[in-house]
Amino acid sequence: MIVENHQIAYRNVASKYYNFLPEEIDLAIQDFDAILSEHGYNSVGKMFFSIMSNPTAEVMTAKLFIPIEENDFTIPKEEEVDFSSYFLIDRMIMTRLTDDFDAQSQVTFWELLTYIEEHEMSRKTPIFVEFKETNAGQTNVEMSVGVQ
């Protein structure tokens, strides 16, 4: 089921672009977390990312986002890390995956794009992927995209 009027909002978000094989996303996440930790920053909440490339591409391009505790952010330019004191994307459509994430993510990506076309919307952002945990401790994945 696709839901309209979804939004993503976080404070103090560090972000970095990565290119990787889809099965190596964990290495990108570990690298980004290590860069932030090395410079004294502490993550809060869950990491999320946007898929900048076609999800069927052999090498995926994604932007990883990690909310951090600190309000001030200074990191060497060569680390290629960006910072936003506030991150907000509204007017999104969203759907949730509850299991078999690897197999369902490709299908869900195309469902979102088909929904946009069928409802005569236009896409204004890349696809965002957020890992969420229910009160019962179950992990879900929310895939969303900004539309107009």
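Let us start at glutamate 142: leaving aside its neighbours within four places in sequence, this residue is in contact with His6, Met94, Thr95, Arg96, Phe128, Val129, Glu130 and Lys132. The model you are looking at is a predicted one, and glutamate 142 is a good place from which to explore it. You will find glutamate 142 in strand β6. Is this residue buried or exposed? With a relative accessible area of 6%, glutamate 142 counts as buried, because the cut-off for that label is under 20%.

Two of the contacts of glutamate 142 deserve a closer look. With arginine 96, the side chain of glutamate 142 meets in a salt bridge, at 2.7 Å from N to O. Glutamate 142 belongs to strand β6 and arginine 96 to strand β4, so this pair ties together parts that lie 46 residues apart in sequence. Arginine 96 itself is partly exposed, at 44% relative accessibility. Glutamate 142 also forms a salt bridge with lysine 132, and here the closest N and O atoms are 3.5 Å apart. This second pair links glutamate 142 in strand β6 with lysine 132 in strand β5, 10 residues apart. Lysine 132 is partly exposed too, with a relative accessible area of 30%. Through shared partners, the salt bridges join Arg96, Lys132 and Glu142 into one network.

How many salt bridges does the model have? The count comes to four. Another of them brings together the side chains of lysine 46 and glutamate 133, at 3.9 Å from N to O. Lysine 46 sits in the loop between α1 and β2, while glutamate 133 is in strand β5, and 87 residues separate the two. Lysine 46 is partly exposed, with a relative accessible area of 41%.

Now step back to the strands that carry these residues. In what order do the six strands close into a barrel? Following the pairing around, you meet β1-β3-β2-β5-β6-β4, and the pairing is antiparallel. From one strand to the next, the twist averages 45°. Helix α1, residues 25–38, packs on the sheet and touches β1, β2 (48–51) and β3 (60–67); the direction of α1 makes about 80° with that of β1.

Strand β2 is a handy guide to one part of the barrel. Phe48 and Ser50 point one way from β2, Phe49 and Ile51 point the other way, and all are buried. On one side, four bridges join β2 to β3 in an antiparallel arrangement, with serine 50 opposite lysine 63 in β3. Four bridges also join β2 to β5, again antiparallel, and here serine 50 stands opposite phenylalanine 128 in β5. Phenylalanine 128 then carries us onward, as its bridge partner in β6 is serine 144. The strands β5 and β6 pair in the antiparallel sense over eight bridges.

The loop between β2 and β3 is worth a short detour, since serine 53 has its place there. At 17% relative accessible area, serine 53 is buried. Not counting residues up to four places away in sequence, serine 53 touches Val59, Met60 and Thr61. With threonine 61 there is a polar link: a polar atom of the serine 53 side chain lies 3.0 Å from the backbone nitrogen of threonine 61.

Our last stop is helix α2, which lies across β1, β4, β5 and β6 and runs at about 25° to β6. Which residues of α2 are buried? They are Thr108, Phe109, Leu112, Leu113, Tyr115 and Ile116. These buried residues pack against β1 (3–20), β4 (82–97), β5 (123–133) and β6 (139–147). The length of the helix can be checked as well. At 1.5 Å a residue, the 18 residues of α2 (residues 101–118) should span 26 Å, and the end C-alpha atoms are 25 Å apart, which agrees. After α2 comes glutamate 120, whose phi is positive, near 50°.

Technical notes:
Residues numbered from 1 in each chain as written. Predicted model: local features only at pLDDT ≥ 70, side-chain atom pairs only at ≥ 80, totals over all residues. Heavy atoms only, no water. Expected span 1.5 Å × (residues − 1). Buried < 20%, exposed > 50% of the residue type's maximum accessible area, 1.4 Å probe, protein only. Contact = heavy atoms within 4.5 Å. Pairing = 2+ DSSP bridges. Axes fitted to C-alpha atoms, helices over the stretch in contact; angles between N-to-C directions. Polar contact = N/O pair within 3.5 Å; in protein donor to acceptor, adjacent residues only side chain to side chain.
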